[in-house]
Amino acid sequence: MKTLFEKIIDGELPAEKVYEDEKIIVIKDIAPKAPVHLLIIPKKVIPDIQTLKKEEFYLLGEIVRVAQELAKKFDLEESGYRLVVNQGPDAGQTIFHLHFHLLGGNPLGRMG
Ligand code: AMP
């Protein structure tokens, strides 16, 4: 069974796309928790960060590259942003296709 993000990647469901290349898609979160709330999603089917294989670690670099690019595009370079992954139930992961949240646009509150 395809996850919601696989359906978006395959063009079977609509989403507000802000970036796409051969490895990564970025969409606006449907329920934003900050003025800018993007989801950086590798196209490869990977359920979560915990099951990411060593040979897939290159994707982390790609994700950071895209996050840096989007931080510029959305004017977050100076103000800052948060790049986070929810892993499993205690973190509240709801979609089991790896994705990073990029949040910014106002103060986000301290973590920890
Ligand atoms: P997580 O809780 O880390 O698994 O994140 C899943 C995120 O996907 C949540 O922030 C949701 O608001 C977001 N989301 C759910 N459905 C959609 C959708 N159709 N388009 C865009 N974002 C979505």
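Visitor: Which distance separates a backbone N or O atom of Thr94 from an oxygen atom of the ligand?
Guide: A polar contact is a pair of N or O atoms within 3.5 Å, and that cut-off is the one to hold in mind for this predicted model. Thr94 is listed among the residues closest to the ligand, and the atom it offers to a ligand oxygen is a backbone N or O, at a distance of 2.8 Å.

Visitor: Which residue has a side-chain N or O atom 2.9 Å from an oxygen atom of the ligand?
Guide: The shell around the ligand holds 15 residues, and the closest include Asp29 and His99. Ile95 has a polar backbone atom 3.0 Å from a ligand oxygen, so the contact sought here is another one, since a polar contact is defined by N or O atoms within 3.5 Å. The side-chain atom at 2.9 Å from a ligand oxygen belongs to Asn86.

Visitor: How much of the accessible area of the ligand does the protein cover?
Guide: The ligand is placed in the largest pocket, and helix H1 and strand E2 (24–28) are the elements that give two or more residues to its shell. On its own the ligand has 510 Å² of accessible area, of which the protein covers 84%.

Visitor: Is Thr3 buried or exposed?
Guide: Thr3 lies in the segment that precedes helix H1 (4–9), and, leaving aside residues up to four places away in sequence, Thr3 touches Ile95, Phe96 and His97. Because buried means under 20% relative accessible area, the relative accessibility of 17% makes Thr3 count as buried.

Definitions and conventions: Residues are numbered from 1 along each chain as its sequence is written. This is a predicted model: local features need pLDDT of at least 70, side-chain atom pairs count only at pLDDT 80 or more; totals for chains, interfaces and linings use all residues. Side-chain values use heavy atoms; hydrogens and water are left out. Helices (H or I, at least four residues) and strands (E, at least two) are DSSP runs, numbered from the N terminus. Buried means under 20% relative accessible area, exposed over 50%, partly exposed in between (1.4 Å probe, protein chains only). Contact means heavy atoms within 4.5 Å. A residue is near a molecule or strand if one of its heavy atoms lies within 4 Å of it. A polar contact is a pair of N or O atoms within 3.5 Å; within protein, one must be able to donate a hydrogen and the other to accept it, and residues adjacent in sequence count only if both atoms are side-chain atoms. Accessible areas come from the Shrake-Rupley method with a 1.4 Å probe; for residues, only the protein chains shown count as cover. On a 1 Å grid over the protein atoms alone, a cavity is a set of points where a 1.4 Å probe fits but cannot get out, and a pocket is an open set with protein on both sides within 12 Å along at least five of seven lines; lining residues have an atom within 4 Å of a point. A molecule sits in a cavity or pocket if more than half of its atoms lie within 2 Å of its grid points.
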